[in-house]
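Trainee: I'd like to learn how to read a model like this one, feature by feature. Could we go through it together?

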Amino acid sequence: MMRTNTLFAALLCCSALVAQVPNDACTGAITIGCGQSLNGNTDSAAVDTVAFCGTGIEAAGVWFTFPGTGAYMTVTTCSGASYDTRLNVYSGSCGNLVCVDGNDDDAQCNLLSTVNFQSVSGTTYYILVQGYDGETGDFTLTLECPTCPTAEDVFISPSDVEAFVFFDPLGATGFIIEHGPTGFTPGTGTLTSGTIGVDGPPANITGLDDSTDYEVYVMLDCGGGDTSAWGGPFAFTTLELPPPANAFCADALLIVCGDTLDGTTEGSIVSIAPECGSANVNTAGVWYYLVGAGDEVTLSTCNDANFDSKISVFAGNCNALTCMAGNDDGPSCNGNTSVTTFVAEMGVSYGVLVHGYNGAVGNFSLSASCNPPCSPTLANDDCDSPTVLVPQPIDQCAPTVATLVCAYASPLPNPGCDPYENVNDAWFVFNTGLQTEHTIITALGDATTLSVALYEACSEPDYIACFTDSIGEYTFSGLDAGTDYLVRVWNGGGVEAGDFTICVETALPDGVAENRLAGVQIYPVPARSELTVLGLPNEVHALNILDLSGRRVAQVANVPGMLLRLDVGGLAPGSYLLTADAGIPVGRFVVER
């Protein structure tokens, strides 16, 4: 009897454990609604085998789900947890999760976590609550859907008597900032307000004392009386001594062609600015500005700085900077000093930030030299204007002659395989069609070296694979069918620039090998302007040309006993399928230019 009771108790125990984690798997995710807080526990859950998403997946976790509304949403464990939490938010489906964002430590609630994101109406989202380094425990998960979200990414750059407050306005129209000495009671501080895009971000607060600890709170104004919750407090300390006169973007010093100006980043502040080429901004710097005259402008600290320098060039005002060019380590520049070249449009003002690598500061001389722009202009110098490459059958690739002469340094971030040098690049694009494995073949002409990377999109330029200082064949497997992929080819410019060839090969059957009607021949493959079809049966009344998505782009009547010539000169380069009458496959062919 005792044995039976023990077994029964064990079964109750195990059943209870299972009942405690019904949302252990994504497919069992518990629904959470806007404004709702749900308690949970991960002690008896399993570690999920899902992709990295803002954080690694290192601990047992449980799942929640909610529908997007089109509003800005916040998921957080800051309401409370007994351990160091992590949050990962995905969209898609449990069988095909797509990372939205993730967070380990929220700056405002220590080891707890918050993810903020703009939701898409009708999209289903999944939240994984897990932990750092295997930690598990109790937590409270809250989903907030404010109509006016709290400001994010608040960062403060102080001088001795003023400070600039950077923040993400998240679509708001205005802001209110309250500041005071550390520990001040909100409502008793000094207010600064303004219009987004006019008065900030960054917003300027003045009248501060040097060497003093302050706190800041930020509220967004979304219009119509709709304001966010106060964000903060955000702490900062003013400098003891004044920084360089051009420490802030708004106080940039003029530099003109032919100038060499001495400067220093000692005692300056870290600016908030976009990553520019190889020059991400994480160290103190100083600002200059240059007004374009249609020239090619070279800005340089090459061999003229006593620290590891960087140069970033931006268009736009200080509230909305857009990268133009940037460099960390210039070619043949001693001490990892820098040089970058770009074309400055007539009358456009450009901000120039001289800063350092990994905390390095010091003295420098910045020179500006101007020359006529390189000619002829390289048509595929930018990611959004690539040259089309038409995949060719294996061992039948006709190389495209290309060049890096007149290629300028790209404003896009450097690929991970070449993080520090200048990337003077040319862009290409090809469509995979029905094949998922393609080989890119490059060969040197006058160019002394080449590097190659494969990308998915310009809007999110994450590379798939990357090869430096290498030529030859690069085979990419597992690509998506019917998808455009971008190819970035580069070197450091200057003496390295020159001509090269490139082509793409894939296992593309020719038209004859893929015929479904006996005795029919299709030639030439690839075709440029005309495709010949020989041997069609008399009972075939018409031929249809279909693109890769199955859409009919042309139809031609068959004349029995006659050689049929199809005008394909008006078709876009790519792969097409030829069918007879009610969809009977005849063969496939490729159009190239």
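Mentor: Sure, and let's begin with a term: a residue is called buried when its relative accessible area is under 20%, and exposed when that area is over 50%. Keep in mind that this is a predicted model.

Trainee: Okay, what share of the 593 residues of the protein chain counts as buried?

Mentor: It's 48%. The chain exposes about 26400 Å², and carbon and sulfur atoms supply 53% of that area.

Trainee: And how many helices and strands are there in the chain?

Mentor: One helix and 42 strands. The C-alpha trace spans about 95 × 95 × 50 Å along its principal axes. Among contacts with a separation of 6 or more, 72% are between residues 24 or more positions apart.

Trainee: With that many strands, how do I read a sheet?

Mentor: The general idea is that strands of a sheet pair through backbone hydrogen bonds, either parallel or antiparallel. Here, take the open sheet of four strands with the order β2-β9-β4-β7, where the pairing is antiparallel.

Trainee: Which strands stand at the edges of that sheet?

Mentor: β2 (37-41) and β7 (114-118) do; each has a single partner strand, so one side of each is left without a neighbour in the sheet. Ignoring direction, neighbouring strands in this sheet are turned by 15° against each other on average. For a close look, follow β2 along β9 (residues 138-144): they pair over five bridges in the antiparallel sense, and G40 sits opposite F139 of β9.

Trainee: What about β15: is it largely enclosed or open?

Mentor: Strand β15 (residues 213-221) has seven of its nine residues buried, so the rest of the structure largely encloses it. Its pairings fill in the picture. With β12 (residues 174-181) it makes eight antiparallel bridges, and H179 stands opposite V216 of β15. With β16 (residues 231-237) β15 makes five bridges, again antiparallel, and there E215 has A235 as its bridge partner.

Trainee: Now the charged side chains. How should I think about those?

Mentor: Side chains of opposite charge can pair when their charged atoms come close. A search of the whole structure turns up five salt bridges.

Trainee: Which parts does the pair of D104 and R86 tie together?

Mentor: These two side chains meet at 3.4 Å, N to O. D104 is in the loop between β6 (96-103) and β7, while R86 is in strand β5 (residues 85-93), so the salt bridge ties together parts 18 residues apart in sequence. Both residues are buried.

Trainee: Any other pair I should look at?

Mentor: Try R488 and D425, with 2.8 Å from N to O. R488 belongs to β34 (residues 484-491) and D425 to β29 (residues 424-431), so this pair links parts that are 63 residues apart in sequence. R488 is buried at 0% relative accessible area, and D425 is buried at 0% too. Then there's R565 with E530, at 3.6 Å. R565 lies in β40 (residues 564-567) and E530 in β37 (residues 530-534), so parts 35 residues apart are tied together. E530 counts as partly exposed, at 38% relative accessibility.

Trainee: Which residues are joined into one network by salt bridges that share partners?

Mentor: E58, R86 and D104.

Trainee: Last one: which residues form a nonpolar patch on the surface?

Mentor: L254, V256, Y289 and V291 do, with about 310 Å² of accessible area together. Of these, V256 is in the loop between β17 (253-254) and β18 (260-264), and its 37% relative accessibility makes it partly exposed.

Note on methods. Residues are numbered from 1 along each chain as its sequence is written. This is a predicted model: local features need pLDDT of at least 70, side-chain atom pairs count only at pLDDT 80 or more; totals for chains, interfaces and linings use all residues. Side-chain values use heavy atoms; hydrogens and water are left out. Patches are made of residues with over 30% relative accessible area and no salt bridge: like charges are joined within 9 Å, nonpolar side chains (Val, Leu, Ile, Met, Phe, Trp, Tyr) within 5 Å. Accessible areas come from the Shrake-Rupley method with a 1.4 Å probe; for residues, only the protein chains shown count as cover. A salt bridge is a side-chain nitrogen of Lys or Arg within 4 Å of a carboxyl oxygen of Asp or Glu. Helices (H or I, at least four residues) and strands (E, at least two) are DSSP runs, numbered from the N terminus. Buried means under 20% relative accessible area, exposed over 50%, partly exposed in between (1.4 Å probe, protein chains only). Two strands pair if DSSP finds at least two bridges between them. Axes are lines fitted to C-alpha atoms, for helices over the stretch in contact, and angles run from 0 to 180 degrees between N-to-C directions. Contact means heavy atoms within 4.5 Å.
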